[in-house]
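Please open the model in a viewer and display it as a cartoon, with side chains available on request. The stops below can be selected in the order given.

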Amino acid sequence: VISNDVFCDTLRLSGRTGVIASEEEDVPVAVEETYGGNYVCVFDPLDGSSNIDAAVSTGSIWGIYAGDSQCVPDFSSESPAEVEAKCVQN
C-alpha cells in the first residue's frame, strides 16, 4: 500500500519515532538507532479503503505515544506476545 510506505518512510526519517506500528504490517517496526526517537506511532494509513469504489470517505487513523523506558521492544529476541505483555496497557 503506497500510503503505508509514505507514512513509514516519513516517520522513520523524522528522527522522532522509535517504533512504528501500522495496520498494514504484521509486527511493529523498530526504527534504526541512527534515525530513532522517543515516540511510538500507530496508524491505519488508509481506513475505509475497501469502500473507495462506493465513493465513501476514507482517511487515516493515528495514535502517537511517548516512549516508556520500561517498554523497549527487542523484536529480534522477543516474541510479539512478550512485547505486548511488556508494553501494552489497557
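The tour begins with the whole chain and then proceeds to individual strands and surface patches.

**The whole chain.** Begin with everything selected, bearing in mind that this is a predicted model. Two helices and four strands make up the secondary structure of the protein. Traced along the sequence, these elements follow the order α-β-β-β-β-α. Of the 90 residues, 21% count as buried.

**Strand β1.** Next, select residues 17-22, which form strand β1. Is this strand enclosed or open to the surroundings? Each residue counts as buried if its relative accessible area is under 20%. Six of the six residues of β1 are buried, so the strand is largely enclosed by the rest of the structure.

**The partners of β1.** Keep β1 on display and add residues 29-30, strand β2. The two strands run antiparallel and are joined by two bridges. Within this pairing, V19 stands opposite A30 of β2. The connection from β1 to β2 is a hairpin of six residues. Now add residues 39-47, strand β3. In which sense do β1 and β3 pair? Their pairing is parallel and extends over five bridges. To inspect one position, show I20 together with C41, its bridge partner in β3.

**L46 and D47.** Remain on β3 and select L46, which lies in this strand. L46 has a relative accessibility of 29% and therefore counts as partly exposed. Adding N4 to the selection shows a contrast between sequence and space: L46 and N4 are 42 residues apart in sequence, yet their C-alpha atoms are 7.8 Å apart. Proceed to D47, also found in β3. D47 is partly exposed as well, because its relative accessible area is 35%, a value between the limits of 20% for buried and 50% for exposed.

**The negative patch.** Extend the selection from D47 to D5, E23, E24, E25 and D26. Together with D47, these residues form a negative surface patch. A surface representation coloured by charge is suitable for this stop.

**The nonpolar patch.** For the last stop, select Y39, W62 and I64. What kind of surface patch do these residues make? The patch is nonpolar and covers about 320 Å². Of its members, W62 lies in strand β4, residues 59-66. The relative accessible area of W62 is 39%, so this residue is classed as partly exposed.

How values were computed:
Residues numbered from 1 in each chain as written. Predicted model: local features only at pLDDT ≥ 70, side-chain atom pairs only at ≥ 80, totals over all residues. Heavy atoms only, no water. Buried < 20%, exposed > 50% of the residue type's maximum accessible area, 1.4 Å probe, protein only. Patch = residues over 30% accessible without salt bridge, like charges linked within 9 Å, V, L, I, M, F, W, Y side chains within 5 Å. Areas by Shrake-Rupley, 256 points an atom, 1.4 Å probe, with all protein chains shown as cover. Salt bridge = Lys/Arg side-chain N within 4 Å of Asp/Glu carboxyl O. Lys, Arg positive; Asp, Glu negative; His and termini not counted. Charge placed at Lys NZ, Arg CZ, Asp CG, Glu CD. Pairing = 2+ DSSP bridges.
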